[in-house]
Amino acid sequence: MDNTTIIAAASIVTAGITMGAGVLGPAMGQGRAVASALTSLAQQPDAAPTITRTLFVGLAMIESMAIYCFVVSMILLFANPFWNHVIAAVASK
Amino acid sequence: MRLSTDQLVLWQHGFVKLNATIVTTWALMVVMVVGAKLTTRSLATDVTISRWQCALEILVAGIAKQITDVGLAAPRRYIAFLGTLFLFIATANLFTILPGYEPPTGSLSTTTALALCVFVAVPLFGIGQRGWRGYLNSYLQPTVIMLPFNIISELSRTLALAVRLFGNMMSGTMILGILLTVTPLIFPVAMSALGLLTGMVQAYIFTILATVYIAAATGSRDS
């Protein structure tokens, strides 16, 4: 395999692993957060506005971890600096 | 594949570039400013008010109530900044309902600019409320050892603000593009509705997080 193929294969495989492994944690975190928010909503319906607001902000915080992974995998797939470097090196030959 | 609207250059002269992000942002600003001017031209304190005035009053009162709920006691001081943030992001995300429109919030430049505004505004409000000494002292809480971590958190949360909004809006457009090639019939419509909801939630979260940061800097959460 030449360098170009290795970089392409490594980028694609890493993008897949990044999404898969990176979403695992936030998914479990969000599940737990929603579950405990629902429990507290059932116990104290009066505090619904506060709980909902805190839940949304917390979910956004957790979700941003998954979003970071998504951005990294998108960079690997569509704006890969190593790939661009190899292409530029080939083009200048 | 285009990752953001920055790469769509409409006009270029030397190093001055005019890309789709700038054009869309200015168009949104024109729409919002002209809309607000037209509405506030004939304000009334009567029993019957115009529909648009009523809508704007609901918006302003709602934003002020959310700011108060987070812990800033005098929302009038902060509503100009926080309300502008919310209205701009919400409008930018809401217009995705129009075909052919790409939200400027789906470009990292716009979201970085917004996050930098928050980054600058937080110390300004903090110093205005507590004075230099009081604000700088907040970096030494709870102990002096926490100083580097407080500074790092200041920087990393700015990065997080920018990347969160960018990632969410960019992923919405990206998912639509991918779905159009896989299942072009009905499913993209459902995802587009979900994208609208995500846009509203992200606008709300951006504003609430900025409010929380300002509330922490002004020390109004301690009292």
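This report describes a predicted model of two chains, A and B, going from the overall build of each chain to the core and then to single residues.

## Chain A

Chain A contains three helices and zero strands, and its elements, read from the N terminus on, follow the order α-α-α. The radius of gyration of chain A is 21 Å, well over the 12 Å that the globule rule gives for 93 residues, so chain A is more spread out than a compact globule. The box that its C-alpha atoms fill, taken along the principal axes, is roughly 70 × 20 × 10 Å.

Of the 93 residues in chain A, 16% count as buried. Among the contacts in chain A with a separation of 6 or more, 86% are made by residues 24 or more positions apart, and an example of a residue with distant partners, Ala66(A), is taken up further below.

## Chain B

Chain B has six helices and two strands, and from the N terminus on its elements run β-β-α-α-α-α-α-α, with the two strands written before the helices. Along the principal axes, the C-alpha atoms of chain B fill a box of roughly 55 × 55 × 40 Å.

Chain B has 223 residues, of which 28% are buried. When contacts with a separation of 6 or more are considered, residues 24 or more positions apart account for 64% of those in chain B.

## Where the chains meet

Between the two chains, twelve residues of chain A are in contact with 14 residues of chain B. Sorted by class, the side of chain A that touches chain B is made up of ten nonpolar residues, one polar residue and one charged residue.

## The largest nonpolar core

The largest nonpolar core holds 42 residues, and Phe206(B) and Ile214(B) are those with the most contacts inside it. At least two residues of this core come from each of the following: helix H2 (48-78) of chain A, and, from chain B, helices H2 (51-70), H3 (75-94), H4 (108-137), H5 (147-182) and H6 (187-218). The helix that gives the most to the core is H6(B), with ten residues. As background, nonpolar side chains tend to be buried together in soluble globular proteins.

Which residues does Ile214(B) contact, once its neighbours within four places in sequence are left aside? Its partners are Leu72(B), Tyr78(B), Ala121(B), Val122(B) and Phe125(B).

## Helix H2 of chain B

With 20 residues, H2(B) reaches 29 Å from its first C-alpha to its last, which is close to the 28 Å expected at 1.5 Å a residue. Its buried residues are Ile63(B), Gln66(B), Ile67(B) and Val70(B). Because these residues cover an arc of only 100° around the axis, they are placed on the same side of H2(B), and they pack against H3 and H6 of chain B.

The face of H2(B) that is turned away from the buried side carries exposed residues, namely Arg51(B), Cys54(B), Ile58(B), Ala61(B) and Lys65(B). Gly62(B) also has its place in helix H2 of chain B, and Gly62(B) is exposed because it has 12 other C-beta atoms within 10 Å, where 12 or fewer is the cut-off. In space, Gly62(B) lies 9.9 Å from Gly83(B), C-alpha to C-alpha, although the two are 21 residues apart in sequence. Just after H2(B), Gly71(B) takes a positive phi of about 135°.

## Two buried residues

Ala66(A) has its place in helix H2 of chain A. Is Ala66(A) buried or exposed? Ala66(A) counts as buried because it has 20 C-beta neighbours inside 10 Å, and 20 or more is what the cut-off requires. Its contacts, leaving aside neighbours within four places in sequence, are Gly22(A), Val23(A) and Pro26(A). Measuring from C-alpha to C-alpha, Ala66(A) and Ala21(A) are 9.5 Å apart in space and 45 residues apart in sequence.

In chain B, Ser4(B) is found in the segment before strand E1 (9-13), and Ser4(B) is buried, with 22 other C-beta atoms within 10 Å. Apart from neighbours within four places in sequence, Ser4(B) is in contact with Gly106(B), Ser107(B), Leu108(B) and Met170(B). The C-alpha atoms of Ser4(B) and Ala90(B) are separated by 18 Å, and these two residues are 86 residues apart along the chain.

Definitions and conventions:
Residues are numbered from 1 along each chain as its sequence is written. Chains are lettered from A and ligands numbered from 1 in the order in which they are written. This is a predicted model: local features need pLDDT of at least 70, side-chain atom pairs count only at pLDDT 80 or more; totals for chains, interfaces and linings use all residues. A nonpolar core is a set of buried Ala, Val, Leu, Ile, Met, Phe, Trp, Tyr and Cys residues joined through C-beta atoms within 7 Å. Helices (H or I, at least four residues) and strands (E, at least two) are DSSP runs, numbered from the N terminus. Two residues are in contact if their C-beta atoms, placed from the backbone, lie within 7 Å. The expected span of a helix is 1.5 Å times one less than its number of residues. The arc is that of the directions from the helix axis to the C-beta atoms. The radius of gyration is taken over C-alpha atoms; the globule rule is 2.2 Å times the number of residues to the power 0.38. Ala, Val, Leu, Ile, Met, Phe, Trp, Tyr, Cys and Pro count as nonpolar, Asp, Glu, Lys and Arg as charged, and the others, Gly among them, as polar.
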